[in-house]
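I opened this notebook to keep track of what I look up in one structure, and I begin here with the model itself on the page.

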Amino acid sequence: MAASSGRPTSAGRGEKRVGAMKRIGRVVGLGLALIVLLIVVRATWLRSSPAEAPPAETLEVNESRIARQLAAAIRFKTISYQDPARLDTKAFAGIHDFFQSSWPAAHATLKRERVSRWSLLYTWPGLNPQLAPILFAAHQDVVPVDAGSLADWTHPPYGGVIEDGVVWGRGSLDNKANVVVMLDAVDRLVRQGFQPERTVYLAFGHDEEVGGSKGALAIARLLEARDVHLEMVLDEGGIVVQGFLAGIDKPVALVGIAEKGSVGIALDVESKGGHSSTPPRHTAIGLLAAAVVALESHPMPVHRGGVSGGLLDGLALELPFYARLVLANRWIFAPVLNVVFSRVPALDAMFRTTTAVTIINGGVKENVLPIRARAIANFRIHPEDSVDLVVAHVRRVVGPDVKLEVGVRSEPREPSPVSPIDSNAYRILDRSIRSVYPDAVVVPYLVVGGTDARHYYRVCDNVYRFSPFRLGSDAMTLVHGTNERLSTKNLVRGVRFYARLLQDIAGAAQPSSE
Ligand SMILES: [Zn+2]
């Protein structure tokens, strides 16, 4: 007793320690249990707002006719070159005549204006001037075919060959198919006597592949000058992909709600020249190489919110529970996601500003120390970053001895604004996609390349990027690549999609109170 009322024995201290540790253990255990509960609850509660099943679109479309029309469009060599003097004006004049003769009903009803000579703006006036107009965009121009790749083409790139239900050629996918199916859908609706409630514009640029400044930008400025504010713009940029992600069997319809910016930054290192027999520890080339290594090993940060978050939430719903658990709890699993995603370049590009060192120069002679060395890195900028943030990052990573030149080969381009996914326009778009692809999961995503769509933010908030075609996960190699092609089934779905969307967004059921 005396012992216990005085200084505690070592056994008593031990018991107290054990007791304290038990209490800590209980608190930690409770905390962990709560975290696990929260993780499971978040994964379970992740639900899409119940979307009603749209009526399946079964419009009768003449498959071989629409295929022949795309094939004919491919034969016009409407190629964009960096040097505008090389533009084949006969090809553009020819394709304009071809549009007119192929879809006479559309051309009799819609007003057609030429913008910067070769871009086209069609206007289909709406019955209700209170309603904001919509605009569907596509481009007539194509990229040149690399002469070295000609032998690898199964069919000539401008031959417009149709074989076994596939239309082959440059522009079949990017982007003449969109022009053809849009005109066909409009022509069909005109013949059926459909009259849009809101004004419908079709805008077909002629220089998308070289920046779109004379085409889409000029059209957007023209609309702005006319005080037009659009309810929706729909351009290329997303598709329906089969096999988008392991674990998702359904086709995924990617709707681009933003596109990345771009900046080229030159890294210049200078050092004293001299004979190679008495070199410093690092030559200009060595210093530059170290800067390049530093850049590659310090990528820009990953973003899991905003436009990236919408994609992850949309995909999470379709994944097995364990994967949903991770995606729905990015607050705790970020390190896991970073490791997994950074190994897949296509995924990595959607969640951060990418770094690509693309050009390097330095040195003139084997026995002469180089006076200067230069590398150029191209950064594709995530909407949550900016040109300034990229420059600051590079500055920090390469240190003060490397000089930077920003925008060295082309004007820096900021990322686009992010279009909302809670707009009426997005909901209708989502519905129209599912009327043609009933099993598709529609998700918002970030377009990593550039499109004409970015020019339209000056006249529209709801700018979306989606082409109604279902492709394999290798689709991106076809765009601008060898053996570009599109199935005729996709053309049929394309006509059905635009016809459905036009009726849903511009049809008689529109509220006039906007
Ligand atoms: Zn394109």
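The entries below go from the whole chain to single sites.

**Entry 1, the whole chain.** I noted at the start that this is a predicted model. I then looked up the secondary structure of the protein chain, which comes to 16 helices and 17 strands. The C-alpha atoms fill a box of roughly 110 × 70 × 50 Å when the box is taken along the principal axes. I also checked burial, and found that buried residues make up 51% of the 514 residues in the protein chain. For the contacts with a separation of 6 or more, I read that 82% are between residues 24 or more positions apart.

**Entry 2, the zinc ion.** Which residues coordinate the zinc ion? I found His-139 through NE2, Asp-174 through OD, and Glu-236, which is listed twice through OE, at 1.9 to 2.4 Å. Along the chain these donors follow the spacing H-x34-D-x61-E. I then looked at where two of them sit: His-139 lies in strand 3 (residues 134-139), while Glu-236 is in the loop between strand 7 (232-235) and strand 8 (240-241), so the pair ties together parts that are 97 residues apart in sequence. His-139 is buried, with a relative accessible area of 0%, and Glu-236 is buried as well, at 10%. Next I looked up the geometry, and the angles among the four donor atoms run from 54 to 142°, with the site classed as irregular. I could follow that step myself, because four donors count as tetrahedral if all angles lie between 85 and 135 degrees, and the site of the zinc ion has angles of 54 to 142°.

**Entry 3, helix 3 and its partners.** I looked at three helices that pack with helix 3, taking them one after another.

I began with helix 4 (residues 89-102), which packs with helix 3 (residues 63-74) at an angle of about 165°, the axes being 10 Å apart. The two helices are therefore roughly antiparallel to each other, and helix 3 passes helix 4 in a right-handed crossing. On the side of helix 3, I listed Arg-65, Gln-69, Ala-72 and Ala-73, which meet Ile-95, Phe-98 and Ser-102 in helix 4.

I went on to helix 6 (residues 176-191), where the angle with helix 3 is about 135° and the axes are 10 Å apart. Helix 3 and helix 6 are therefore oblique to each other, and their crossing is right-handed. The contact is made by residues of helix 3 that include Arg-65, Ile-66 and Gln-69, and by Lys-176, Ala-177, Val-180 and Asp-184 of helix 6.

The last partner I looked up was helix 16 (residues 488-506), which packs with helix 3 at an angle of about 100°, with the axes 9 Å apart. That makes helix 3 roughly perpendicular to helix 16. Here Glu-63, Ile-66, Ala-67 and Leu-70 in helix 3 meet residues of helix 16, among them Thr-488, Leu-491 and Val-495.

**Entry 4, helix 9.** Is helix 9 mostly covered or mostly uncovered? I found that helix 9 (residues 306-316) is mostly covered, as nine of its 11 residues are buried. Among the buried residues I wrote down Val-307, Gly-310, Leu-311, Leu-312 and Leu-315. The buried residues of helix 9 pack against strand 9 (252-259), helix 10 (321-327), helix 11 (330-342), helix 12 (345-351) and strand 14 (441-447).

**Entry 5, two single residues.** I chose His-393 and Glu-52, and looked up the surroundings of each.

His-393 is found in helix 13 (residues 387-398), and this residue is buried, with a relative accessible area of 6%. Leaving aside neighbours within four places in sequence, His-393 is in contact with His-298, Pro-299 and Met-300. For one of these, Pro-299, I noted that the two residues are 94 residues apart in sequence and 9.1 Å apart in space, C-alpha to C-alpha.

Glu-52 lies in the loop between helix 2 (10-45) and helix 3, and at 45% relative accessibility Glu-52 counts as partly exposed. Which residues does Glu-52 touch, not counting residues up to four places away in sequence? I found Arg-431 and Arg-434. I also looked up Glu-52 against Ala-67, which is 15 residues apart from Glu-52 along the chain, and their C-alpha atoms are separated by 33 Å.

Technical notes. Residues numbered from 1 in each chain as written. Predicted model: local features only at pLDDT ≥ 70, side-chain atom pairs only at ≥ 80, totals over all residues. Heavy atoms only, no water. Donors = N, O, S within 2.8 Å, 3.2 Å for Na, K, Ca; no water. Tetrahedral: all angles 85-135°; square planar, octahedral: opposite > 155°, others 65-115°. Buried < 20%, exposed > 50% of the residue type's maximum accessible area, 1.4 Å probe, protein only. Axes fitted to C-alpha atoms, helices over the stretch in contact; angles between N-to-C directions. Parallel < 35°, antiparallel > 145°, perpendicular 65-115°, else oblique. Left-handed = near helix turned anticlockwise from the far one by under 90°. Contact = heavy atoms within 4.5 Å.
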